[in-house]
Amino acid sequence: MKTRTIIVLIICYIISIAGYSQTYNKPNEPTFDYLTIDLATGNPTLYWTAPAYYPQYPNPIGYIIYKKIPDALGNDAYYQIATVDQNTFEYTDISSDGNQSRLFYKLASLGSTEPSRMTPHHAQIWLTSAYDSCNAKIDLLWEHYYNFDVNGWANSNRKKYQLYWSNTPNLSSFQLLVDSIGIFTNKFSITNVQENQNYYFYLTLERNDKPFKTYSNLNSINTKMAVRPDFMIIDSIISLNQGCKIYYNIDAVTEIKNFKLVRWEQADTNQSIFSAKIIEEFSDPNKTSSIDTNDVWASRTRKFYYKVDAYNGCNNVIKTTNLCNTIIPKARPNGTTVNLKWDALNIDTLRQDNRNNNRVEYTVYRRAYTQNDDVTGAGELTIAASAISDTLFSDDLSSFKAQDPLYKIIFKYYIEAIEREPDNTGITFVRSREVITEILPGLTMPTAIAPNSTISNNGHSRNLFEPIISFDATYQLTIYDRWGGIIYYGNQGWDGKDSNSKYVKEGTYAYRIVVHTDSSGDVVQNGSVSVVYPK
């Protein structure tokens, strides 16, 4: 029995020795450490380590590089692209560009008769970007470094991602944008980016346990947007009888094609939101004027503010003109003086701070009409005041009294405002509508008439009882007898005759004269006149 046990033990030992000394024809695979991308060329470089030494496995006589390449049917497969000798442990694939697409590789040891099995595949960090023009941001998204080997680039072995950026592809210009992005994060957003700029990004990732560092592809994106206008201004507003004409100037090289002429009724944004009205939308930056015929009657008494907004493709306002307002003049006569007051021209420093030192000058224009003129015509246009900074002016019209021919009591005024820069250059011009006013004419009445006289005194006939008015105006004259009866009623002088065309008797007669105006009231005078018949 004891002899049998010894024999069994010897047989087992022999079998175990035979198993331990068994040899294989193909070597073990290498350890694929990592791959990285040369940012300048896009060429990937692979790094590996020789397999550990085991006596029963032959040493590699070289290494084989495999690359994932789609076949004619679109199926992905790994194809051998190169071999290197047993003393080489890195390889740069100069035929591939990792900046253009994500690259996948495997390795194998080259044996004397057959290769080893392939390593798990590795793929670079693949970085992509998208421009959100409406929110002025770039969204970065990446696919993590790809390796199934739990002893390799597993999550536990990774450090944080680092993100670099530049406006040029010059690698020396790149700056570290984010120092620590979590290994489970695959997105990041850059806000407040500038339009029509080139942006370049790349990521790096390191191992915690080994001095391995891999680079992603170099990603670039252009924040393409329609070129904004460098300048936009409203340069003038001309008030018309049936609306307002607004003139503006927009940078013609802009690519923006969406503009809106907007009208407000207050200069303050918070209040104006309730009165805002889009007057016109247009797409041509070469357009220079628009006419606002909305609310014509309101525009005669209410100040309107105008601006032009430029909108981008996200319907956001990206440029606006200065806010420019109409001027509403008011005239109040007092005797032969007309007191004028008007709205100030707004200097819009809120939207264009380069206007801080600007000033406004006003010019007052007056139209006067003689009794021979049509008051709907041009009349005599003169400047009543110029280069004034106040928004009020008193116009003394006494010099128009008792001229030949007489001037009518109707006068028209309009205001022109110019916003000037410190060097006296005018940049904004506004003209108001005309305001019409009537003054109260001076009135003098004769004290007596001689109906049968042919003598004239200073151009006034003694046989006609008529007012001496300093301006041309209409009137109504009434002559009463001593009992209050009406002898004459008309709009011309009285020749001393009654309603039956007979001369009245000598004596004293009462009169009432009313000189009419449309807006300034009437001049009313009561008195008496003596009728005499010289021999």
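Start by selecting Trp 165 and Phe 201: Phe 201 is the bridge partner of Trp 165 in β14. Keep in mind as you click around that this is a predicted model.

Now widen the selection to the strands. Trp 165's bridge partner sits in β14, and β14 pairs with strand β11, residues 161–166, in the antiparallel sense over 5 bridges.

Next, colour residues 198–206, which is all of β14. Is this strand enclosed or not? Here 7 of the 9 residues are buried, so β14 is largely enclosed by the rest of the structure. If you want the cut-off for your own script, buried means under 20% relative accessible area.

Stay with β14 and pick Tyr 200. Ser 220 in β16 is the bridge partner of Tyr 200. Select residues 219–222 to see the whole of β16, which pairs with β14 in the antiparallel sense over 4 bridges.

Then hop to Thr 204, and you'll find Tyr 215 of β15 standing opposite. Strand β15 covers residues 213–215, and 3 bridges join it to β14, with the two running antiparallel. Follow the chain from one to the other: β14 and β15 form a hairpin, with 6 residues between them.

Last stop, the surface. Show Ile 69, Tyr 79 and Ile 81 together; they make a nonpolar surface patch of about 220 Å². Zoom in on Ile 81, which has its place in strand β4, residues 76–85. How exposed is Ile 81? Its relative accessible area is 31%, so Ile 81 counts as partly exposed.

Methods. Residues numbered from 1 in each chain as written. Predicted model: local features only at pLDDT ≥ 70, side-chain atom pairs only at ≥ 80, totals over all residues. Heavy atoms only, no water. Buried < 20%, exposed > 50% of the residue type's maximum accessible area, 1.4 Å probe, protein only. Pairing = 2+ DSSP bridges. Patch = residues over 30% accessible without salt bridge, like charges linked within 9 Å, V, L, I, M, F, W, Y side chains within 5 Å. Areas by Shrake-Rupley, 256 points an atom, 1.4 Å probe, with all protein chains shown as cover. Salt bridge = Lys/Arg side-chain N within 4 Å of Asp/Glu carboxyl O.
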